[in-house]
Amino acid sequence: MKARHRRHFLLDPEVGHLNHGSYGATPLPVLKEQWRWQREMETRTVEFHVRRQEPLLREARAPIAKYLGAELDDTAFVVNTTTAMNWVAHALPLGPGDEVLLNDHEYGAVFRVWRVFAAERGFSLRSAPIPLGADPLTCLEAHRNERTRAVVVSQITSATAQLLPVQQIGAWARGRGLWSIVDGAHAPGHVAVDLARLGVDFWMGNLHKWLWAPKGAAILWVARACQELMKPLIVSWGVEPTTALGEPDWVAWVQMQATRDPSAFLAAPAGLEYQRRYHEPLVERYCFQRMHWLTQRMEQLGAQPLPWSKLKMRAFELPFSAEPTRLHQTLFEKFRVELPVYRWEGILLTRFSLQHYVDDQELERALQGVSDARVGAGSL
Ligand SMILES: Cc1ncc(COP(=O)(O)O)c(C=O)c1O
């Protein structure tokens with residue numbers, strides 16, 4: 001199959017971008033919208049920052065909130081998921097004697113956030129192993145104890161590309177009096193998200209991964225009942241606004257952070273528009289069919305596909321041993337593909353992200369790279 005709409009992207013035609021999952025890829029129509037906002041900002045700088053920015057941000061958030069099934073006042077723009085996780089860790093009143101439950105699929109930076117807050121505030125962390133194919137709820141329950149106060153789970157895990165049952169985990173947490181925190185970094189534009197019905201306490205997700213927004217656009221959603229827990233992490237004008245913003249306090253704290261470029265937020269609705277216009281009808285045909293084909297080819301090379309729930313990402317266990325950074329570099333230098341290689345729980349994995357802009361030749365080059373690495377594994 002040929003790539004579609006490749007002309008919408010600034011991606012280097014020499015390099016196969018098979019790692020959409022890490023940073024996304026912003027289409028030109030969305031970048032143009034971002035540049036238009038930057039131009040507006042530079043044309044009438046003071047007016048833009050002083051009078052227009054706050055109402056514009058509220059306007060830009062509205063279609064995104066609707067798409068995510070959320071009330072506008074329960075959402076705030078943040079630059080990325082990691083930042084949102086910091087706000088949540090800062091908000092929760094945790095201290096000595098308390099424990100936060102994560103699991104071995106959680107993202108490295110998220111672990112770091114919790115480790116730093118835990119060390120500072122004196123609470124502890126526990127990571128529940130969730131073996132591939134095991135029931136996540138059973139694994140979490142096995143590691144819950146009387147000190148557990150909160151659970152942190154990814155909606156779609158990063159290294160293993162697993163779709164976790166966050167709605168059930170939310171209900172489980174609620175039934176045990178735990179706060180549920182969902183890292184939805186990969187969810188918007190990738191799986192259906194209905195925040196009002198999800199039944200969790202905190203959720204955050206990137207718009208710049210699968211919803212085509214410019215880099216630096218994400219949403220933090222906080223359940224009504226938990227909004228009173230929020231407190232400023234960055235202290236700026238939003239803490240005591242001098243003009244009426246029309247935003248709830250917690251949103252003003254999170255969003256109004258001194259002088260910064262809000263163009264990625266303002267262009268986020270263009271990402272949503274792009275998704276609706278070009279991508280949604282193509283998902284089945286281009287991404288899922290290709291994933292089946294790719295899986296067969298990887299299996300022929302001896303790679304073991306990890307469980308898959310119709311995502312545009314799938315991880316594979318590589319059938320040889322190699323130093324991940326070196327193999328990643330070889331795939332880039334010799335085969336001109338950007339394909340992540342890493343270890344998870346001691347297993348050597350690679351993860352393919354498929355989008356409509358991916359070309360079969362790029363996939364063939366990646367497969368050749370994996371094949372060559374298998375043959376020459378000893379030297380890698
Ligand atoms: C599951 C998960 N959580 C959080 C993040 C962090 O995203 P960001 O770097 O945009 O904060 C990522 C990034 O890939 C991720 O995969």
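**A friendly note on two domains and a few residues**

1. No salt bridges are counted between domain 1 and domain 2: the number is 0. Please keep in mind while reading that this is a predicted model. What, then, is the count of residue pairs in polar contact between domain 1 and domain 2? There are 12 such pairs, with both residues at pLDDT 80 or more.

2. To get your bearings, it helps to know where the domains run. Domain 1 is made of two stretches, 6-26 and 279-379, while domain 2 covers 44-266. On the contact between them, domain 1 places 28 residues and domain 2 places 25 residues. Measuring from one C-alpha centre to the other would be a simple way to picture the layout: domain 1 and domain 2 have theirs 29 Å apart.

3. The area hidden between the two domains is about 2,100 Å², and 61% of it is on carbon and sulfur atoms. Three residues deserve a look here. Thr26, Leu311 and Trp344 together supply 29% of the area that domain 1 buries against domain 2, which is more than any other three residues give.

4. Which elements give two or more residues to the side of domain 1 that touches domain 2? They are helix H1 (20-23) and the strands S10, S12 and S13. Of that side, the largest share comes from H1, with 4 residues.

5. Strand S13 is a good place to pause. This strand spans residues 347-353, and 6 of its 7 residues are buried, so it is mostly covered. Strand S10 (residues 313-317) runs antiparallel to S13 and is joined to it by 5 bridges. One pairing to find on screen is Glu317 with its bridge partner Leu349 in S13.

6. Strand S13 also pairs with strand S12 (residues 341-344), again antiparallel, through 4 bridges. Here Arg343 stands opposite Leu348 of S13. The hairpin of S12 and S13 has 2 residues between the strands, and in it Glu345 takes a positive phi near 50 degrees.

7. Now over to Glu99, in strand S3 (residues 99-103). Is Glu99 buried or exposed? Glu99 counts as buried because its relative accessibility is 2%, under the 20% cut-off. Its side chain makes polar contacts with two other side chains: Ser124 at 3.1 Å and Arg147 at 2.7 Å. Setting aside neighbours within four places in sequence, the residues in contact with Glu99 include Leu125, Arg126, Asn145 and Thr148.

8. Thr148 follows naturally, as Glu99 is among its contacts once neighbours within four places in sequence are left aside; the others are Leu101, His143 and Leu178. Thr148 is found in strand S5 (residues 148-154) and counts as buried because its relative accessibility is 6%. The side chain of Thr148 reaches the backbone nitrogen of Asn145 at 2.8 Å.

9. Finally, a residue from a helix. Asp249 has its place in H9 (residues 249-255). With 55% relative accessibility, Asp249 counts as exposed, because the cut-off for that is over 50%. The C-alpha atom of Asp249 is separated by 7.7 Å from that of Gly238, and the two residues are 11 apart along the chain.

Definitions and conventions: Residues numbered from 1 in each chain as written. Predicted model: local features only at pLDDT ≥ 70, side-chain atom pairs only at ≥ 80, totals over all residues. Heavy atoms only, no water. Buried < 20%, exposed > 50% of the residue type's maximum accessible area, 1.4 Å probe, protein only. Pairing = 2+ DSSP bridges. Domains from an automatic or database assignment. Contact = heavy atoms within 4.5 Å. Buried area = accessible area lost by both parts, 1.4 Å probe. Salt bridge = Lys/Arg side-chain N within 4 Å of Asp/Glu carboxyl O. Polar contact = N/O pair within 3.5 Å; in protein donor to acceptor, adjacent residues only side chain to side chain.
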